[in-house]
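Me: I'd like to learn how to read a few features off a protein model. Can you walk me through them one at a time?

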Amino acid sequence: QLQLVESGGGLVQPGGSLRLSCAASGFTLADYGIAWFRQAPGKEREGLARLSGSDGSTYYANSVKGRFTISKDGAKNMVYLQMNSLKPEDTAVYYCAAARSGTYGGTYFYLSPAGYDYWGQGTQVTVSS
């Protein structure tokens, strides 16, 4: 059974950093695309970063490019989101998501919730002084 479990959220001051983790089980990262999303209260789910499990290529939303980094540890079946220079507007529930590579064609699906079939339960990130 495919499962994604996020961890690493918490309270951080503006300008601080956090690293979120996504533990994947029941599948091999190399066969999937993995992405991080977030959703703030009253807002739509926003795609942040996507990583190809097969070749490690990455794709970022403009809103986080240069501040957030997605990476993986294939041996541990883990995906990470390193978040730096955090701002209050980064406050949200953060989710990791997965889809088997090739299921959805085109970069449109890279950061669209419609491009993912499996989701974790989310982890809360609060940026506040």
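Me: In the hairpin of strand 5 and strand 6, which residue takes a positive phi?
Reply: Keep in mind that this is a predicted model. As a general idea, most residues other than glycine have a negative phi. Here the residue is Gly56, with phi near 75°, in a hairpin that has five residues between its strands. The two strands pair in the antiparallel sense over three bridges, and Leu51 stands opposite Thr58 of strand 6.

Me: What about the hairpin of strand 4 and strand 5, where does a positive phi turn up there?
Reply: At Gly42, where phi is near 80°; that hairpin has six residues between the strands. Strand 4 and strand 5 run antiparallel and are joined by six bridges. One residue pair to look up is Ala35 with its bridge partner Arg50 in strand 5.

Me: Is strand 5 mostly covered or mostly open?
Reply: In general, side chains of a regular strand alternate between the two faces of the sheet. Strand 5 covers residues 46-52, and six of its seven residues are buried, so call it mostly covered.

Me: Which residues other than glycine have a positive phi?
Reply: Two to look at are Asn77, with phi near 55°, and Ser85, with phi of about 50°. Asn77 is in the loop between strand 7 (68-73) and strand 8 (78-83), while Ser85 is in the loop between strand 8 and strand 9.

Me: Are Asn77 and Ser85 buried or partly exposed?
Reply: One of each. Asn77 has 15% relative accessibility and counts as buried, whereas Ser85, at 42%, counts as partly exposed.

Me: Now aromatics. How many aromatic pairs are there?
Reply: The general idea is that a pair of rings is described by the distance of the centres and the angle of the planes. The count for this model is nine aromatic pairs. Take Phe37 and Tyr116: their ring centres are 5.4 Å apart and the planes sit at 75°, so this pair is edge-to-face. Phe37 belongs to strand 4 (residues 32-39) and Tyr116 to the loop between strand 9 (92-100) and strand 10 (118-119), so the contact ties together parts 79 residues apart in sequence.

Me: Are those two rings' residues, Phe37 and Tyr116, buried or exposed?
Reply: Phe37 is buried, at 0% relative accessibility, and Tyr116 is buried too, with a relative accessible area of 7%. Phe37 and Tyr116 also form one aromatic cluster together with Tyr95 and Trp119.

Me: Which charged residues sit over rings?
Reply: Have a look at two arginines. Arg45 lies over the face of Trp119, 4.8 Å from the ring centre. Arg50 has its charged end over the ring of Tyr110, 4.1 Å from the centre. You've met Arg50 already as the bridge partner of Ala35.

Me: Last one: how many disulfides does a search of the whole structure find?
Reply: A disulfide is a covalent bond between the sulfur atoms of two cysteines. The search finds one, formed by Cys22 and Cys96 with their sulfur atoms 2.1 Å apart. The angle about the S-S bond is 65°, and the link is right-handed. Cys22 lies in strand 3 (residues 18-25) and Cys96 in strand 9, so the bond ties together parts 74 residues apart in sequence.

Me: And are Cys22 and Cys96 buried or exposed?
Reply: Both Cys22 and Cys96 are buried.

Note on methods: Residues are numbered from 1 along each chain as its sequence is written. This is a predicted model: local features need pLDDT of at least 70, side-chain atom pairs count only at pLDDT 80 or more; totals for chains, interfaces and linings use all residues. Side-chain values use heavy atoms; hydrogens and water are left out. Rings of Phe, Tyr and Trp (its six-membered ring) pair if their centres lie within 6.5 Å; planes under 30 degrees apart count as stacked, over 60 as edge-to-face and the rest as tilted. Helices (H or I, at least four residues) and strands (E, at least two) are DSSP runs, numbered from the N terminus. Buried means under 20% relative accessible area, exposed over 50%, partly exposed in between (1.4 Å probe, protein chains only). A charge sits over a ring if NZ of Lys or CZ of Arg is within 6 Å of the ring centre and within 35 degrees of the ring normal. Two strands pair if DSSP finds at least two bridges between them. A disulfide is a pair of cysteine sulfur atoms within 2.5 Å.
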